[in-house]
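Me: I'm just getting started with protein structures, and I'd like a close look at a single part of this one. Could you walk me through how one helix fits in with what's around it?

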Amino acid sequence: LIIRHMLKMHIELDPDLKVFGENEINTRAVDLASRYKPDVIIVDFDMLCSTGREVVEELHQAAPEIPVIATSLNNSETNLIIAKEAGAVDFVAKQADSVDLIKAIRKAISTSRPDQA
């Protein structure tokens, strides 16, 4: 919860970015994506009710046009590979500098929707 709020705060410090929805357990991620049609989705691989891989796969199948960035405290090569195989466009460790997350968000948006970068 604390890390999610910190990520949100760092994202919203950038005047061009806005967090439109949060989901504590990620079971409604596809519903939220359908409702808000975000430019990018950040999925926490460290969740309780499902695996990050499952959520990324569901989002990628339901809305392949929306890029997904995975994040985790476990900054392993294995998590990076799993995230990419599931359909994530990038993986950013939670302990990374907030600049890295913002760069990943901007890159994901520019790659999927060049007119919005």
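Reply: One bit of vocabulary before we start: two axes count as roughly perpendicular when the angle between them is 65 to 115 degrees. Also keep in mind that this is a predicted model.

Let's take helix 5, which covers residues 98–112. Helix 5 packs with helix 1 (residues 2–12) at an angle of about 65°, and their axes are 10 Å apart. Put that angle next to the cut-off, and helix 1 and helix 5 are therefore roughly perpendicular to each other. The crossing of this pair is right-handed. Want to find the meeting place on your screen? From helix 1, look for Leu7, His10 and Ile11; they meet Ser98, Leu101, Ile102 and Ile105 of helix 5.

Now on to charges. In general, side chains of opposite charge can pair when their charged atoms come close. Searching the whole structure turns up 6 salt bridges. One of them joins the side chains of arginine 106 and aspartate 14, at 2.7 Å from N to O. This pair ties together distant parts of the chain: arginine 106 sits in helix 5, while aspartate 14 is in the loop between helix 1 and helix 2 (29–36), 92 residues apart. As for how open they are, arginine 106 is partly exposed, with a relative accessible area of 33%, whereas aspartate 14 counts as buried at 14% relative accessibility.

Arginine 106 has another partner too: its side chain meets that of aspartate 16 in a salt bridge of 3.4 Å, N to O. Here again distant parts of the chain are linked, since aspartate 16 lies in the loop between helix 1 and helix 2, 90 residues from arginine 106 in helix 5. Aspartate 16 is exposed, with a relative accessible area of 62%. Put the pieces together and you get a network of salt bridges linking Asp14, Asp16 and Arg106.

There's one more spot worth a look, and it involves Ala104. That residue is among the contacts of aspartate 90, along with Val68, Ile69, Ala70 and Lys84, if you leave aside neighbours within four places in sequence. Aspartate 90 itself belongs to strand 3 (residues 90–93). So does this aspartate have a charged partner or is it without one? Aspartate 90 is buried yet has no salt bridge. The nearest side chain of opposite charge is lysine 84, 4.9 Å away, and a salt bridge needs the nitrogen and oxygen to be within 4 Å.

Note on methods: Residues are numbered from 1 along each chain as its sequence is written. This is a predicted model: local features need pLDDT of at least 70, side-chain atom pairs count only at pLDDT 80 or more; totals for chains, interfaces and linings use all residues. Side-chain values use heavy atoms; hydrogens and water are left out. Helices (H or I, at least four residues) and strands (E, at least two) are DSSP runs, numbered from the N terminus. Buried means under 20% relative accessible area, exposed over 50%, partly exposed in between (1.4 Å probe, protein chains only). Lys and Arg count as positive and Asp and Glu as negative; His and the chain ends are not counted. Contact means heavy atoms within 4.5 Å. Axes are lines fitted to C-alpha atoms, for helices over the stretch in contact, and angles run from 0 to 180 degrees between N-to-C directions. Angles under 35 degrees count as roughly parallel, over 145 as roughly antiparallel, 65 to 115 as roughly perpendicular and the rest as oblique. A crossing is left-handed if the near helix is turned anticlockwise from the far one by less than a right angle, and right-handed if clockwise.
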